[in-house]
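Reader: I'd like a close look at one small part of this model, with enough of the surroundings to make sense of it. Could you walk me through it informally, cut-offs included?

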Amino acid sequence: MRLVVTGGGTGGHVYPALEVARLGKERGAELLYLGSLRGQEGKLCDERGILFKGFPSEPLYSLRSARGWKSLSKLMSARKMAKRHLATARPDVVFSTGGYSAGPVLAAAKALGIPYVIHDGNSVPGRANRMFGKDAKAFLATFFATERFYKERPVTRTGHPIRSELREASQAPREKADGRPTILVLGGSQGSAYLNEAVPTAISAVEVDANVIHAAGPTNFAETCARVKGLGLENYRVEPYLASEQITDAYQEADLVVCRSGSTLAELAVFGLPSVLVPLPTSSENHQLHNAREFEAMSAASIAEQEATPFTRTAREVVDWLSDAAKRREASDKLREWDVPDATERIWAHIEAGAR
(Lines give C-alpha, C1' and ligand atoms only; values in the text may rest on other atoms or scores of the structure.)
Protein backbone atom coordinates (compact mmCIF):
# COMPACT_ATOMS: atom_id res chain seq x y z
CA MET A 1 0.00 0.00 0.00
CA ARG A 2 1.15 3.54 -0.77
CA LEU A 3 0.14 5.76 2.16
CA VAL A 4 0.42 9.51 2.64
CA VAL A 5 0.15 10.73 6.22
CA THR A 6 -0.55 14.31 7.22
CA GLY A 7 -1.39 16.27 10.32
CA GLY A 8 0.47 18.76 12.36
CA GLY A 9 1.82 22.02 13.31
CA THR A 10 1.49 20.90 16.93
CA GLY A 11 2.55 17.71 18.68
CA GLY A 12 -1.07 16.86 19.43
CA HIS A 13 -1.59 16.21 15.73
CA VAL A 14 1.89 14.99 14.78
CA TYR A 15 2.49 12.23 17.36
CA PRO A 16 -0.77 10.35 16.65
CA ALA A 17 -0.06 10.56 12.91
CA LEU A 18 3.45 9.22 13.46
CA GLU A 19 2.16 6.33 15.56
CA VAL A 20 -0.15 5.27 12.73
CA ALA A 21 2.75 5.72 10.30
CA ARG A 22 4.89 3.46 12.50
CA LEU A 23 2.34 0.67 12.28
CA GLY A 24 1.97 1.25 8.54
CA LYS A 25 5.72 0.92 8.12
CA GLU A 26 5.65 -2.36 10.08
CA ARG A 27 2.88 -3.62 7.80
CA GLY A 28 4.96 -2.86 4.70
CA ALA A 29 3.33 0.37 3.55
CA GLU A 30 5.23 2.81 1.35
CA LEU A 31 5.12 6.02 3.40
CA LEU A 32 5.24 9.73 2.70
CA TYR A 33 4.48 12.41 5.30
CA LEU A 34 3.24 15.75 3.96
CA GLY A 35 3.28 18.64 6.39
CA SER A 36 4.28 22.14 7.29
CA LEU A 37 7.86 23.39 7.38
CA ARG A 38 6.76 25.54 10.33
CA GLY A 39 5.73 22.62 12.57
CA GLN A 40 7.47 19.72 14.32
CA GLU A 41 6.68 17.05 11.76
CA GLY A 42 9.79 17.37 9.57
CA LYS A 43 12.24 16.89 12.44
CA LEU A 44 10.25 14.03 13.95
CA CYS A 45 9.94 12.23 10.61
CA ASP A 46 13.69 12.53 10.07
CA GLU A 47 14.32 10.93 13.48
CA ARG A 48 12.08 8.00 12.52
CA GLY A 49 13.33 7.48 8.98
CA ILE A 50 10.06 8.56 7.36
CA LEU A 51 10.17 10.43 4.04
CA PHE A 52 8.92 13.98 4.58
CA LYS A 53 7.91 16.69 2.13
CA GLY A 54 7.07 20.10 3.53
CA PHE A 55 5.43 23.33 2.45
CA PRO A 56 5.08 26.80 4.01
CA SER A 57 1.60 26.54 5.57
CA GLU A 58 0.59 28.19 8.83
CA PRO A 59 -2.64 28.73 10.82
CA LEU A 60 -5.28 30.78 9.04
CA TYR A 61 -5.62 34.05 10.91
CA SER A 62 -8.41 36.59 10.54
CA LEU A 63 -8.68 37.96 7.00
CA ARG A 64 -9.28 41.39 8.53
CA SER A 65 -5.53 41.67 8.97
CA ALA A 66 -2.51 41.64 6.68
CA ARG A 67 -1.26 38.61 8.60
CA GLY A 68 -4.47 36.76 7.72
CA TRP A 69 -4.12 37.40 3.99
CA LYS A 70 -0.49 36.34 4.16
CA SER A 71 -1.41 33.05 5.83
CA LEU A 72 -4.17 32.46 3.25
CA SER A 73 -1.65 32.99 0.47
CA LYS A 74 0.67 30.43 2.05
CA LEU A 75 -2.17 27.93 2.39
CA MET A 76 -3.06 28.30 -1.28
CA SER A 77 0.57 27.80 -2.24
CA ALA A 78 0.75 24.76 0.07
CA ARG A 79 -2.31 23.26 -1.62
CA LYS A 80 -0.62 23.48 -5.02
CA MET A 81 2.54 21.89 -3.66
CA ALA A 82 0.58 19.13 -1.92
CA LYS A 83 -1.27 18.41 -5.16
CA ARG A 84 2.03 17.99 -7.00
CA HIS A 85 3.39 15.66 -4.31
CA LEU A 86 0.22 13.56 -4.35
CA ALA A 87 0.19 13.34 -8.13
CA THR A 88 3.78 12.06 -8.02
CA ALA A 89 3.35 9.69 -5.06
CA ARG A 90 0.03 8.26 -6.33
CA PRO A 91 -1.04 7.03 -2.86
CA ASP A 92 -3.80 4.50 -2.35
CA VAL A 93 -5.10 6.51 0.59
CA VAL A 94 -4.33 9.58 2.71
CA PHE A 95 -4.55 9.56 6.51
CA SER A 96 -5.00 12.84 8.38
CA THR A 97 -5.03 13.81 12.05
CA GLY A 98 -5.89 17.44 11.29
CA GLY A 99 -4.19 20.71 12.11
CA TYR A 100 -3.31 23.59 9.83
CA SER A 101 -0.82 21.56 7.81
CA ALA A 102 -3.47 18.93 6.97
CA GLY A 103 -5.91 21.27 5.20
CA PRO A 104 -3.90 21.74 1.99
CA VAL A 105 -3.26 17.98 1.74
CA LEU A 106 -6.92 17.04 2.21
CA ALA A 107 -7.96 19.70 -0.31
CA ALA A 108 -5.48 18.30 -2.83
CA ALA A 109 -6.55 14.70 -2.17
CA LYS A 110 -10.20 15.60 -2.70
CA ALA A 111 -9.41 17.42 -5.95
CA LEU A 112 -7.45 14.41 -7.27
CA GLY A 113 -10.05 11.86 -6.19
CA ILE A 114 -7.72 10.17 -3.70
CA PRO A 115 -9.61 8.57 -0.77
CA TYR A 116 -8.78 9.79 2.71
CA VAL A 117 -9.42 8.80 6.32
CA ILE A 118 -9.62 11.34 9.14
CA HIS A 119 -8.93 10.94 12.84
CA ASP A 120 -9.65 13.75 15.30
CA GLY A 121 -8.07 13.71 18.75
CA ASN A 122 -10.36 16.31 20.35
CA SER A 123 -14.01 16.27 21.32
CA VAL A 124 -14.77 19.15 18.92
CA PRO A 125 -13.19 18.48 15.50
CA GLY A 126 -10.74 21.04 14.16
CA ARG A 127 -11.34 23.27 11.16
CA ALA A 128 -9.59 21.12 8.54
CA ASN A 129 -11.27 17.92 9.69
CA ARG A 130 -14.70 19.57 9.78
CA MET A 131 -14.20 21.06 6.33
CA PHE A 132 -13.27 17.79 4.62
CA GLY A 133 -14.87 15.24 6.94
CA LYS A 134 -18.09 14.79 4.98
CA ASP A 135 -16.27 13.17 2.05
CA ALA A 136 -13.83 11.06 4.12
CA LYS A 137 -13.95 7.28 3.82
CA ALA A 138 -14.11 7.20 7.61
CA PHE A 139 -14.23 9.84 10.35
CA LEU A 140 -12.58 8.47 13.48
CA ALA A 141 -12.42 9.96 16.97
CA THR A 142 -10.75 9.76 20.36
CA PHE A 143 -13.61 11.17 22.46
CA PHE A 144 -17.16 9.92 22.82
CA ALA A 145 -18.36 13.52 22.62
CA THR A 146 -17.19 14.00 19.02
CA GLU A 147 -20.35 12.43 17.67
CA ARG A 148 -22.34 15.11 19.50
CA PHE A 149 -20.30 17.96 18.04
CA TYR A 150 -19.98 16.68 14.47
CA LYS A 151 -23.19 15.61 12.74
CA GLU A 152 -22.15 15.86 9.08
CA ARG A 153 -21.56 12.11 8.88
CA PRO A 154 -21.22 9.01 11.10
CA VAL A 155 -18.33 9.13 13.59
CA THR A 156 -16.50 5.99 14.75
CA ARG A 157 -14.72 6.10 18.10
CA THR A 158 -11.47 4.16 17.72
CA GLY A 159 -9.60 5.69 20.65
CA HIS A 160 -6.29 7.51 20.39
CA PRO A 161 -3.09 6.24 18.73
CA ILE A 162 -0.62 6.40 21.60
CA ARG A 163 3.12 5.98 21.15
CA SER A 164 3.98 2.30 21.58
CA GLU A 165 6.72 3.04 24.13
CA LEU A 166 4.19 4.75 26.39
CA ARG A 167 1.78 1.86 26.21
CA GLU A 168 4.55 -0.57 27.07
CA ALA A 169 5.69 1.57 30.00
CA SER A 170 2.14 1.79 31.38
CA GLN A 171 2.23 -1.96 31.98
CA ALA A 172 5.44 -1.85 34.03
CA PRO A 173 5.45 -1.63 37.86
CA ARG A 174 5.21 1.95 39.14
CA GLU A 175 8.47 3.54 40.24
CA LYS A 176 8.31 5.82 43.28
CA ALA A 177 11.19 7.96 44.52
CA ASP A 178 9.91 7.95 48.15
CA GLY A 179 6.72 7.72 50.16
CA ARG A 180 5.39 11.12 49.14
CA PRO A 181 2.83 11.48 46.32
CA THR A 182 4.04 13.04 43.08
CA ILE A 183 2.33 15.83 41.15
CA LEU A 184 3.20 16.15 37.47
CA VAL A 185 2.64 19.55 35.85
CA LEU A 186 2.45 19.66 32.05
CA GLY A 187 1.93 22.75 29.92
CA GLY A 188 2.61 21.30 26.47
CA SER A 189 5.86 21.33 24.50
CA GLN A 190 6.25 25.11 24.95
CA GLY A 191 4.96 25.17 28.51
CA SER A 192 2.13 27.27 29.91
CA ALA A 193 2.84 30.69 31.39
CA TYR A 194 -0.36 30.41 33.41
CA LEU A 195 0.49 27.02 34.95
CA ASN A 196 4.04 28.19 35.59
CA GLU A 197 2.64 30.85 37.91
CA ALA A 198 -0.49 29.15 39.22
CA VAL A 199 0.81 25.77 40.34
CA PRO A 200 3.83 26.85 42.42
CA THR A 201 1.74 29.61 44.01
CA ALA A 202 -1.15 27.24 44.79
CA ILE A 203 1.08 24.54 46.23
CA SER A 204 2.94 27.07 48.36
CA ALA A 205 -0.35 28.39 49.76
CA VAL A 206 -1.57 25.01 51.00
CA GLU A 207 1.83 23.54 51.92
CA VAL A 208 1.31 20.28 50.04
CA ASP A 209 3.74 17.57 51.14
CA ALA A 210 4.44 16.13 47.71
CA ASN A 211 7.13 15.80 45.09
CA VAL A 212 6.50 17.93 42.00
CA ILE A 213 7.81 17.48 38.47
CA HIS A 214 7.01 20.59 36.42
CA ALA A 215 7.65 20.92 32.67
CA ALA A 216 7.78 24.70 32.32
CA GLY A 217 8.77 25.05 28.68
CA PRO A 218 12.18 26.25 27.47
CA THR A 219 11.21 29.93 27.19
CA ASN A 220 9.94 30.32 30.76
CA PHE A 221 12.22 27.77 32.42
CA ALA A 222 14.51 30.23 34.23
CA GLU A 223 11.60 32.38 35.38
CA THR A 224 9.75 29.36 36.78
CA CYS A 225 12.86 28.11 38.57
CA ALA A 226 13.26 31.53 40.18
CA ARG A 227 9.60 31.55 41.26
CA VAL A 228 9.88 28.09 42.85
CA LYS A 229 13.04 29.11 44.66
CA GLY A 230 11.51 32.39 45.84
CA LEU A 231 8.52 30.54 47.29
CA GLY A 232 10.86 28.25 49.21
CA LEU A 233 9.36 25.08 47.71
CA GLU A 234 11.24 21.87 48.39
CA ASN A 235 11.00 18.66 46.38
CA TYR A 236 9.87 20.76 43.42
CA ARG A 237 11.76 19.90 40.22
CA VAL A 238 11.45 22.18 37.20
CA GLU A 239 12.40 20.96 33.74
CA PRO A 240 12.35 22.94 30.47
CA TYR A 241 10.86 19.98 28.62
CA LEU A 242 10.29 16.28 29.25
CA ALA A 243 11.67 14.25 26.36
CA SER A 244 10.32 10.81 25.50
CA GLU A 245 12.14 8.80 28.19
CA GLN A 246 11.65 11.54 30.80
CA ILE A 247 7.89 11.80 30.28
CA THR A 248 7.60 8.03 30.51
CA ASP A 249 9.41 8.04 33.87
CA ALA A 250 7.29 10.97 35.06
CA TYR A 251 4.03 9.23 34.18
CA GLN A 252 5.16 6.12 36.04
CA GLU A 253 5.97 8.14 39.16
CA ALA A 254 2.97 10.50 39.14
CA ASP A 255 -0.12 10.21 41.34
CA LEU A 256 -1.82 13.34 40.01
CA VAL A 257 -1.38 15.52 36.92
CA VAL A 258 -2.11 19.24 36.57
CA CYS A 259 -2.28 20.18 32.91
CA ARG A 260 -4.13 21.64 29.95
CA SER A 261 -6.75 19.40 28.37
CA GLY A 262 -5.60 18.69 24.83
CA SER A 263 -4.36 15.37 23.46
CA THR A 264 -2.38 14.77 26.67
CA LEU A 265 -5.60 13.41 28.18
CA ALA A 266 -5.34 10.23 26.14
CA GLU A 267 -1.90 9.57 27.63
CA LEU A 268 -3.24 10.13 31.15
CA ALA A 269 -5.88 7.48 30.44
CA VAL A 270 -3.24 4.95 29.42
CA PHE A 271 -1.49 5.38 32.77
CA GLY A 272 -4.72 5.74 34.74
CA LEU A 273 -3.72 9.15 36.13
CA PRO A 274 -6.36 11.46 37.64
CA SER A 275 -5.93 15.13 36.89
CA VAL A 276 -6.73 18.73 37.65
CA LEU A 277 -7.46 20.19 34.23
CA VAL A 278 -7.04 23.84 33.26
CA PRO A 279 -8.48 24.18 29.74
CA LEU A 280 -6.81 26.71 27.47
CA PRO A 281 -9.48 29.43 27.14
CA THR A 282 -8.38 30.34 23.61
CA SER A 283 -8.47 26.78 22.22
CA SER A 284 -10.36 26.49 18.94
CA GLU A 285 -14.11 26.02 19.51
CA ASN A 286 -13.23 25.82 23.22
CA HIS A 287 -12.41 22.15 22.58
CA GLN A 288 -10.17 21.84 25.63
CA LEU A 289 -13.08 22.62 27.93
CA HIS A 290 -15.22 19.98 26.24
CA ASN A 291 -12.37 17.45 26.44
CA ALA A 292 -12.07 18.16 30.16
CA ARG A 293 -15.82 17.81 30.72
CA GLU A 294 -15.77 14.25 29.35
CA PHE A 295 -13.15 13.31 31.93
CA GLU A 296 -14.92 15.23 34.69
CA ALA A 297 -18.21 13.47 33.89
CA MET A 298 -16.65 10.08 34.61
CA SER A 299 -15.05 11.32 37.86
CA ALA A 300 -11.55 10.96 36.41
CA ALA A 301 -10.62 14.65 36.61
CA SER A 302 -11.70 17.97 38.05
CA ILE A 303 -11.72 21.28 36.19
CA ALA A 304 -10.05 24.41 37.54
CA GLU A 305 -10.61 27.05 34.89
CA GLN A 306 -8.11 29.89 34.73
CA GLU A 307 -8.38 32.18 37.73
CA ALA A 308 -6.54 35.11 39.23
CA THR A 309 -4.00 34.78 42.01
CA PRO A 310 -3.96 33.24 44.64
CA PHE A 311 -5.32 30.35 42.51
CA THR A 312 -7.60 29.07 45.26
CA ARG A 313 -9.57 26.62 43.09
CA THR A 314 -6.40 25.01 41.76
CA ALA A 315 -5.04 24.56 45.27
CA ARG A 316 -8.32 23.13 46.56
CA GLU A 317 -8.57 20.56 43.77
CA VAL A 318 -4.96 19.42 44.24
CA VAL A 319 -5.48 18.93 47.98
CA ASP A 320 -8.79 17.11 47.41
CA TRP A 321 -7.22 14.56 45.06
CA LEU A 322 -4.09 13.98 47.12
CA SER A 323 -6.07 13.47 50.33
CA ASP A 324 -8.34 10.76 48.88
CA ALA A 325 -6.54 7.63 47.70
CA ALA A 326 -9.82 5.78 47.09
CA LYS A 327 -10.99 8.55 44.78
CA ARG A 328 -7.73 8.32 42.82
CA ARG A 329 -8.08 4.53 42.48
CA GLU A 330 -11.64 4.88 41.21
CA ALA A 331 -10.54 7.52 38.71
CA SER A 332 -7.73 5.26 37.52
CA ASP A 333 -10.18 2.42 36.87
CA LYS A 334 -12.51 4.71 34.92
CA LEU A 335 -9.64 6.03 32.80
CA ARG A 336 -8.45 2.57 31.85
CA GLU A 337 -12.01 1.68 30.83
CA TRP A 338 -12.14 4.80 28.63
CA ASP A 339 -8.82 3.99 26.95
CA VAL A 340 -8.76 1.81 23.82
CA PRO A 341 -5.52 -0.23 23.93
CA ASP A 342 -5.70 -1.34 20.29
CA ALA A 343 -6.63 2.11 18.92
CA THR A 344 -3.80 2.20 16.38
CA GLU A 345 -4.77 -1.19 14.96
CA ARG A 346 -8.42 -0.11 14.72
CA ILE A 347 -7.41 3.01 12.81
CA TRP A 348 -5.21 0.97 10.50
CA ALA A 349 -8.14 -1.30 9.67
CA HIS A 350 -10.12 1.75 8.51
CA ILE A 351 -7.17 2.95 6.42
CA GLU A 352 -6.93 -0.43 4.69
CA ALA A 353 -10.68 -0.42 4.06
CA GLY A 354 -10.53 3.10 2.66
CA ALA A 355 -7.66 2.46 0.22
CA ARG A 356 -8.61 2.42 -3.44
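Which residues does Met298 touch, not counting residues up to four places away in sequence?

Author: Met298 touches Lys334, Leu335 and Trp338, once residues up to four places away in sequence are set aside. Contact here means heavy atoms within 4.5 Å.

Some ground rules before going on. This is a predicted model, where local features need pLDDT of at least 70 and side-chain atom pairs count only at pLDDT 80 or more, while totals for chains, interfaces and linings use all residues. Residues are numbered from 1 along each chain as its sequence is written, and side-chain values use heavy atoms, with hydrogens and water left out.

Back to your residue. Met298 sits in the loop between α12 (287-297) and β13 (301-303). Helices (H or I, at least four residues) and strands (E, at least two) are DSSP runs, numbered from the N terminus. With a relative accessible area of 16%, Met298 is buried; the cut-offs are under 20% for buried, over 50% for exposed, and partly exposed in between (1.4 Å probe, protein chains only). For a sense of distance, Met298 and Glu165 are 27 Å apart in space, C-alpha to C-alpha, and 133 residues apart in sequence.

Ser299 lies in that loop between α12 and β13 too. Ser299 is partly exposed, at a relative accessible area of 41%. Its backbone deserves a glance: Ser299 has a positive phi of about 60° although it is not a glycine. Most residues other than glycine have a negative phi, and most peptide bonds are trans.

Now the helix before the loop. Eight of the eleven residues of α12 are buried, so the helix is largely enclosed by the rest of the structure. The buried ones are His287, Gln288, Leu289, His290, Asn291, Ala292, Glu294 and Phe295. What do they pack against? The partners are α6 (146-149), α11 (264-271), β12 (275-277), β13 and α14 (325-338).

On the other side of α12, Glu285 is found in the loop between β12 and α12. Glu285 also has a positive phi of about 60° without being a glycine, and at 48% relative accessibility it counts as partly exposed. Following β13 instead, you reach Pro310, in the loop between β13 and α13 (312-322). The peptide bond from Thr309 to Pro310 is cis, with omega near 20°.

Phe295 of α12 leads into the core. The largest nonpolar core has 59 residues, and Ile183, Leu184, Leu186, Tyr251 and Phe295 touch the most other members. A nonpolar core is a set of buried Ala, Val, Leu, Ile, Met, Phe, Trp, Tyr and Cys residues joined through side-chain atoms within 4.5 Å. Take Leu186 from that list: beyond its neighbours within four places in sequence, its contacts include Leu195, Leu242, Tyr251, Val257 and Thr264. A second, separate core of 24 residues includes Leu44, Phe95, Ala138 and Ile347. In soluble globular proteins, nonpolar side chains tend to be buried together.

Two other buried spots are handy for comparison. Asn211 is in strand β9 (residues 211-215) and counts as buried at 8% relative accessibility. Leaving out residues up to four places away in sequence, Asn211 touches Asp178, Arg180, Pro181, Thr182, Ile183, Asn235 and Glu253. Ala29 is in the loop between α1 (11-26) and β2 (30-36), and at 11% relative accessibility Ala29 counts as buried. Neighbours within four places aside, Ala29 is in contact with Met1, Leu3, Gly24 and Trp348. Ala29 and Ile213 are 39 Å apart in space, C-alpha to C-alpha, with their places 184 residues apart in sequence.

Zooming out, the chain has 15 helices and 13 strands. Its radius of gyration is 21 Å, close to the 21 Å that the globule rule gives for 356 residues, so the chain is as compact as a globular protein of that length. That radius is taken over C-alpha atoms, and the rule is 2.2 Å times the number of residues to the power 0.38. The C-alpha atoms fill a box of roughly 60 × 45 × 40 Å along the principal axes. Of the 356 residues, 55% count as buried. Among contacts between residues at least 6 apart in sequence, 63% join residues at least 24 apart.
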